Every structure is written in C-alpha cells, then in structure tokens.
Amino acid sequence: MKGKKVIILVVVMLAAFSYLLLIGMKEGSMYYLEVSEYLARARELGNRKVRVNGRVVKESLDFNTKTLTLRFILKDTKGNESLPVVYHGSPPDLLNQDGVTAVAEGHYDLKNNVFIARQLLVKCPSKYERKDKGV
Amino acid sequence: MIEIAGFLLLLALILSTAISLSLVYGLYKRDGRFIDISYRGSKGVFVLLSTTVLFMIYFFLTDDFRVEYVASYSERVLPVFYKITGLWAGQKGSLLLWAWLLSLFTFITIARDEHRPNRYYLPYVLFTLNITTLFFLVLLNFVTPPFEMSTRVPADGNGLNPLLQNPGMVFHPPTLYLGYVGFTIPFAFAIAALFMKDLGEWWIKKTRAWTLFSWAFLTLGIVFGGWWAYRELGWGGVWGWDPVENASLMPWLTSTAFLHSVIIQERRGMLKVWNIVLILLTFALSIFGTFITRSGIITSVHAFGQSSVGYVFLGFLAVVVVSGGYLIWSRYEKLKEKNPRIESVLSKESSFLYNNIILFGLAFATFWGTIFPLIVEAVKGIKISVGPPFFNRVNSPLFLLLIILMALCPLLAWRRTSWQGIKKNFLMPASLMILSLPILLFSGVRGFMPLFFYAFCLFVVFSLIREFYIGTRARVIHRGEKWVSAFANLLSNNRRRYGGFIVHIGIVFIVIGLAGYGYFQFKESYTMKPGDTVNVKGYQLKYITLQSVQKGHYTGIGSLINVYKSGDFIGSLRPEKRFYKRQEPTTEVAIKSGILEDLYLVLNGWESNGVITLTVVINPLLSWAWFGTGVAILGVLWAVYPVKRRVSETALLEKELILSLQEAREI
C-alpha cells in the first residue's frame, strides 16, 4: 500500500496535465501564413483565427481618428498578392516606416472581403542592430 | 590599444586551454602541482577578462568608434550611463560580460576552497567551469570578436536603439546574466559529484548560497524585464508568453523546483538523481534560452540581431546534455541504492514532490509551447504559431495548484499527517479563506480563476500567519520570551525556513499583482482637442496642450494631461513620442502608479490642429507585483545571511570530517 497512493495521484496528475496540454494546443495554436498562402486558403479557413505575415504598403495606410480605425494593405513579401486589413485601435510605432513587415492576427470577414485584425505586430528588421554598416 | 584588448582575449583563451590540459594531466597522474597551477591559472583568466571589460568600457566612454562594436551601439551625445550599458547592448559585449562573470565566479569558488584540507572535489569543479569559460573564449576569439575594427571609422556612432534607452537597460540584462551565469557553479559541483560517484548532500550544501544567489538574480532579471516591457509599447506588456520571455522563465521554473527538492534530499536523503537532473536542466535551459534569443529561430517581439552564434550555443547545449546525461546514466545504479520511499500522500515530503511535478509540468508546457511551431514546421512544412491562449490555459491552473500547495505545505507534517492533525491545522486558515470570499466578491473580483487565485493567495497568507504565530507562541510559553523578541528569535534561529516563508509571501504579492493586471485591465481610446475632459473610471483627464521639448539627443512631443480624481487634482502626466536623430521614433508612455491601480496613458498620435488620440489604460494592483519581488528578495537575503560563526565552524569541521572519510574510502 505504502507508495501506491502517491503513484496513483501522480498518474492522475499526469493525465490531467496531458488533457490540459491538448485543450491548450487546440485553443492556442493557429496558422502562421504568408499573404499568398492565406489568400489561397481563406475560404477553407473561414472564421478561424490566423496570423498573416506581409509587407505593409505605406501609401495605403489610413487611420480614422474619429472611429480609431486603421485600414491598410498587406502585401505578400515575395509575390504581388495583397490583403486589405482593418484594425480597431491606434497604429503601432514604426508602422509607417519603409519596408516594414507586420504580422496581423485575426480572421477573414467574407462578407466585406477584409481581414479583421485583433492584434498587429510590427517587425522591423533593424530593430536592435545598426541600419547601415559603416555610416 | 584595441589590438592589446584583442590580444588579452587571445591570451585568456590560451591560458584557459592550458588549464584544461593541466587539470586533466594532474588528475590522471594524481599530481597536485599541476592542479595548483590550474588554480592560479584560473585567477589569471579572471584578471585578463577583467582588463578586457575595462578596456571595452573605456572605449565606450571615450567614443572610440574605431571599435566596430562601440560604433554600432553608441554615439557622442549618448548619456554616460547608457554608454556603459553599451557593454551589453549587443551580442559581442553580452558574451564578453558573460565570460567575465563566469571567470569572476570561478575565481571566488577557487579562492574560497583552495586552502581547505579536503578539496579533492575542486579540480573537477574547476574542470567544468573552465570548459564553459573556454567555450565563451572560443566564441569571443573566433566567432564574435568584440574588439573588431570598423572598416571605415565613422565620425559618430550609430547610437543606442531608443527602445533600449530606458532604466530597464541598466538593470534587466546584468541581473539576468548574473542569474544565468550563477547557476554554472552548482551545475559544476553536480558534475563533480557525478564524476566522483558521490551524490551525498555535500555538493548541495556547498552550493546553497550560490543557488539562492542565482535564483534571486534570475527572479530580479525576469521582473525587471517585465517592468521594462510594461513601459515599452509593442512589447506585449509585463508578460506576453513570447519565446524570449519563456526562455528566461524555463530555467527559473526548474531552479525553483531544485530549491525545493534539495530540501528533501537534505532531510530524508531522497531524490538524489532528480536533483542532479534539475540542476543540469537549469543550466541547459539557460544555454537554450541564449540559443533562442540569439538565433532568431522563433519569431519574437523582442527581436535580437540574428546570427549564427545561436547554433554554436546549440552545439554546446548538445555537449552539455549528452555528457551530463551519460554521466547520470552510468552512475544510475549507484545512485538509486537506499532511496527511501515517500510514505504518505499527505506529508511535507509528498507536498514537495507535487511541487516539483507541477513546476516541472510548467517548465515542460512552456518548452512545448515555445518549440512546437518548430516541430510542426520541420515535420509538416507548415508554419503555425502558439499564442498566449495556450500558455494561459495550461499554465494558469498549474500556477493555481502551486499556490494551493504553498498554503498546504506548512500545515502538513513530515512523513505523514493524521486526519486529526489536518483538521486541527486547516480549520483556521480554511475557514478564514471561505469567510473572505464574500469580501472578494464585494470588492469586484469576478470570474472563476481570479476568485480562486485571490482566495488561495489569502489562504497562503493565513496559513503562514498561523505558522508564525504558533512558532512564536511556543517560544513564549516554553522559554518565557516576550512576544516581540520571541518572534525575532523564531525568524533568526531557522533563517532558512522562515526566509523561505518570506519568499512565499513575496510570491503571493506578485500573484495578486499579476492577476489584477491580467484579469481586470481596462483599456479605452479617446480623441480629444485641447481643453477637453474625459471621465474614465473615476478619473477626470483634462487635455491641456501639446508640447514639444528638446532634449540632448531627441525631441519629445507630448500632450500635457491634468489628472483629477473625484474633482481633486492629483498630478500631470505627459505621454509623448520621441524623435531621435538617427533612430526611429518611439512612444513613451506616462504612468501614475498607485497602490490600488496604475493609470497608464499612451499618446497615439496628433493632428496639426492639436487634436490627439489618447489611450487610457487602468491596471489594477500591478504595483503589488513589484513590491512582492522586493519582499521575495529580502526573504532570500534572510535565508542566506551567514549564521553565527560558532555554529558554522563546527558544521564545517563536521563536513571536513565527512569529506575526509569519503576520501579515505575512495582511495
């Protein structure tokens, strides 16, 4: 009897833990796609939350200060496909720099043909490194 | 000058190589002279590396842009203390700092023990420490030379990234490094114990202060990181389960498990292998963390410069894991003998066991969530991302369980707890907790998880108060001491136990703060013209005007906001955007910190007519987390504070005796 109860308890804990991991994976993981890959699968993915990576088209940036809505176009980093994005909230720093890539997290609105981003992450290639070697 | 600094690094490499050879030869031939030479040599490495670090700081202070590294991370107008932080602003300097700290710790370890009569473990310890130093020296000499010359000497440096120009830059990296590097010492002792096939408590006792020291600094480093990320927009707030953040949390989790499980080994002689595994994991995870941050293999908001150094670290990690794993495997038969069993489901030692399982589970889940995208990409060729929902879903309940354990452990007895005992001990704290539920509900705590978190945090507090009370009362009754002095004596006579409890109180504060921040944050954006006032959760915010301020190396455009609470003026805040000469603009938030909540303002943008968009965030209770960290650090200091000499001397003699007996058995 001695160590048995402890072992049973440990096994139960492990089972609960694995279950937790499975649920967590289901809720917490999403596709991370390039614009072109996403457009190809947008219908199939439907309302599922995804992360889309692309280049921000600087000229397309349009921020409405009344409604605090940001609209812009995310272009594929290699190809020419583009995805219109709507984001409620203020534009993050560094968004209107040249050649900035951003990751938009959200889902596609099939009715209005626009990607509704709930989160925007700006990736600046030169973040902590010098921009131009030997100024 | 620059050549000299580079040459000193090369000398350090040569010396460190010589130490390795001389150690191996000395151990093989059992010749003490070679071992003594290695001790002296390791001090030489420390002197050489100290000189190179001073050189680097000197180059930063004198704006010597002939050094490529200085040109990359500094400029003439940069304030002096940010010039000094340049030492760890980039990868090359960080690695130099790391190597230097390691050589310093090696120096201290050697200097403390080299004249002890039975220091037969010391050559093995130095061997591991020296190999680690050697690894960094190879990097510094051949992969990331910090004293590399600029190809063309610029008139002015590139400047420090504005995001790094924050007090966080002064505290966060060095404390984190002190923690990471500090764990090398207990790791080296553990490897020595494996080499000598002697896994008694000796290595744990000898490294107890190191372990606590490193744990405290790792904790500080992580909290400073959160404090900094809270202030820097776009870094995902205090904690965002970003891979780089996870990288620092994983060794923290395993080292916390280690701190607890060694107590079981010391008290009951159990978990010997497990303790070795935990310290090995802690060290390996520190290296793994460096690999993640430096290789850029996983997308992170804290983007560091990407380089191939990450893969060198991966190689070193493989060496550590394989050789450590082999040592454990080859000693396993010897280790598991006479391992007593845990007797009861409800006892102090079983609660330590559950604590370890949960902490390990947390570390595993964090590891899994961090590397899962890599696995999927390698296997299926598709990219996925694992976000905060995963970590919150899996780790929150585990953290909750930990808090429950924190409350239960002091109420349980060693070996086994009788039901009577449980009933008697639990009555007061449990009923107080249940009574506090309506109060929590009344003060606005809603939702299952937050309620659980707060209720059990209170449970921990009640159970600790009971513990302190019972201990003090016992002294009052049995020794006739006064209440105040009885309490003081209680705390000083078992510093380790009560230091630990103080750390627990600190952790409870941290959890209260983070739960408030995580569950009850309020956020809203407003468009305002000068003179407008908005009402937000009891605050009246009046936008006065847009100001432009010229500072040394940047221009700050900020909106002056007067803050009133129920009509009374309580201060002005000035969130701004800063424009630097050579760098991208940054957003500087303005925070009014209070005991109950932080008022956090972000200036998002403005138009030419002075109309601004302002984001107002209210973060309840967050300052408790900073306060709790202070309490936890005090607890650690209390626990490691050296006890009276008389006691420690006898303990030392005893230890030496045991060590000499062991040595006699070896020979």
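Okay, let's start right at a strand pairing: A:Y31 sits opposite B:I384, which belongs to strand 1 of chain B. Keep in mind that this is a predicted model. That pair of residues brings us to the strands themselves: strand 1 of chain A and strand 1 of chain B, residues 384-386, run antiparallel to each other, with 3 bridges.

Now zoom out to the whole contact. How many residues does each chain put in? It's 39 from chain A and 47 from chain B. On the chain A side, helix 1 (4-28), strand 1 (29-34) and strand 7 (114-123) each give at least two residues. Helix 1 of chain A has the largest share there, with 13 residues. And if you sort that side of chain A by type, you get 20 nonpolar, 9 polar and 10 charged.

So much for the contact; what about chain A as a whole? There are 2 helices and 7 strands, and from the N terminus the order goes α-β-α-β-β-β-β-β-β. Chain A has 135 residues, and 25% of them count as buried. For those of you who like contact maps: take the contacts in chain A with a separation of 6 or more, and 46% of them link residues 24 or more positions apart.

Last stop, chain B, and helix 2, residues 32-61. Here's a quick sanity check. This helix has 30 residues, so at 1.5 Å a residue it should span 44 Å, and the end C-alpha atoms are indeed 44 Å apart, which agrees. After helix 2 of chain B comes B:D63, with a positive phi, near 50°. That's it from me, happy to take questions.

Notes
Residues numbered from 1 in each chain as written. Chains lettered and ligands numbered in written order. Predicted model: local features only at pLDDT ≥ 70, side-chain atom pairs only at ≥ 80, totals over all residues. Contact = placed C-beta atoms within 7 Å. Helix = DSSP H or I, 4+ residues; strand = E, 2+ residues; numbered from the N terminus. Nonpolar A, V, L, I, M, F, W, Y, C, P; charged D, E, K, R; others polar. Pairing = 2+ DSSP bridges. Expected span 1.5 Å × (residues − 1). Buried ≥ 20, exposed ≤ 12 C-beta atoms within 10 Å, placed from the backbone.
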